[in-house]
Amino acid sequence: MDSTVSTGSASGTGAKTTKTRALTVAAAVVAAVVLWIIAVPIAGAELLTETAADKPPAEVPFGGVIISPLLVGLVGWGLLALLERFTTKGRLIWTIIAVVVLLVSFAGPATATTTGTMLWLSVMHIVVGGILIAGFTRR
């Protein structure tokens, strides 16, 4: 009896899938950077969030705008690859997890010091999450 799970021909492996997913991660990073450039240098927004009760608000650093979507994208890609390898419904399971993670991520923008900052950060989360979810789940 064979104990492996077959995911069929659309298992998420291959050069085309790897290229598409790598470009998806890159697109998410570029989108976050573009939004930061529009928000901070062009619109003049100060992206400040509350940290701890006894500390002053912290600025969202440009490096974090690059690193966060990169790390989230790579972790998401890895999880999707594992799910596709070991389950028959990898994309569906991953999509549910990704939507939940996106919703939970709004805890970050909720700590913004102004409504404008909350909107900018929320847009960044929606755009990055949307790019990753759409890009990773396309066939």
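The legends below describe a predicted model, view by view. Local features are given where pLDDT is at least 70 and side-chain atom pairs where pLDDT is 80 or more, while totals for chains, interfaces and linings use all residues. Residues are numbered from 1 along each chain as its sequence is written, and side-chain values use heavy atoms, with hydrogens and water left out.

**View 1. The whole chain, with four helices and two strands.**
Helices (H or I, at least four residues) and strands (E, at least two) are DSSP runs, numbered from the N terminus. Along the sequence these elements follow the pattern α-β-β-α-α-α. The C-alpha trace spans about 60 × 30 × 20 Å along its principal axes. The chain has 139 residues, of which 30% count as buried; buried means under 20% relative accessible area, exposed over 50%, and partly exposed in between (1.4 Å probe, protein chains only). Of the contacts (heavy atoms within 4.5 Å) between residues at least 6 apart in sequence, 72% join residues at least 24 apart.

**View 2. The largest pocket and its lining.**
The volume of this pocket is about 640 Å³. The residues closest to its centre are Ser68, Val72, Ser105, His125 and Val128, out of 28 that line the pocket. A pocket is defined on a 1 Å grid over the protein atoms alone: it is an open set of points where a 1.4 Å probe fits, with protein on both sides within 12 Å along at least five of seven lines, and lining residues have an atom within 4 Å of a point. Grid points are joined across faces, edges and corners, and the volume is the space filled by probe spheres set on the points. Helices α2 (62–86), α3 (90–105) and α4 (115–137) each supply at least two lining residues. The largest share, nine residues, comes from α2. By class the lining holds 19 nonpolar, nine polar and no charged residues. Here Ala, Val, Leu, Ile, Met, Phe, Trp, Tyr, Cys and Pro count as nonpolar, Asp, Glu, Lys and Arg as charged, and the others, Gly among them, as polar.

**View 3. Helix α2 and its buried residues.**
The 25 residues of α2 reach 37 Å from the first C-alpha to the last, close to the 36 Å expected at 1.5 Å a residue. The expected span of a helix is 1.5 Å times one less than its number of residues. Buried in α2 are Val65, Pro69, Gly73, Gly76, Leu80, Leu83 and Glu84. These buried residues pack against α1, α3 and α4.

**View 4. Helix α3, with its buried residues along one face.**
The end C-alpha atoms of α3 are 22 Å apart, which agrees with the 22 Å that its 16 residues should span at 1.5 Å a residue. Gly90, Arg91, Trp94, Ala98 and Leu102 are buried in α3. Seen down the helix axis, the buried residues of α3 fall within an arc of 90°, so they line one face of the helix; the arc is that of the directions from the helix axis to the C-beta atoms. The exposed residues Ile96, Leu103 and Val104 sit on the face turned away from the buried side of α3. Packing partners of the buried residues of α3 are α1 (15–42), α2 and α4.

**View 5. Helix α4 and Leu132.**
With 23 residues, α4 reaches 32 Å from its first C-alpha to its last, close to the 33 Å expected at 1.5 Å a residue. Its buried residues include Thr117, Leu121, Met124, Val128, Leu132 and Phe136. The buried residues of α4 pack against α1, β1, α2 and α3. Leu132 has a relative accessible area of 7% and is therefore buried. Not counting residues up to four places away in sequence, Leu132 touches Thr24, Val25, Ala28, Val72, Gly73 and Trp94. Leu132 and Ala27 are 105 residues apart in sequence, and their C-alpha atoms are 8.4 Å apart.

**View 6. Ala31 in helix α1.**
Ala31 is buried, because its relative accessible area is 15%. With residues up to four places away in sequence not counted, Ala31 touches Val127 and Ile131. Between Ala31 and Phe136, 105 residues apart along the chain, the C-alpha separation is 16 Å.

**View 7. Ala43 in the loop between α1 and β1 (48–49).**
Leaving aside neighbours within four places in sequence, Ala43 is in contact with Ile38 and Trp120. Ala43 lies 28 residues from Ala15 in sequence and 40 Å from Ala15 in space, C-alpha to C-alpha.
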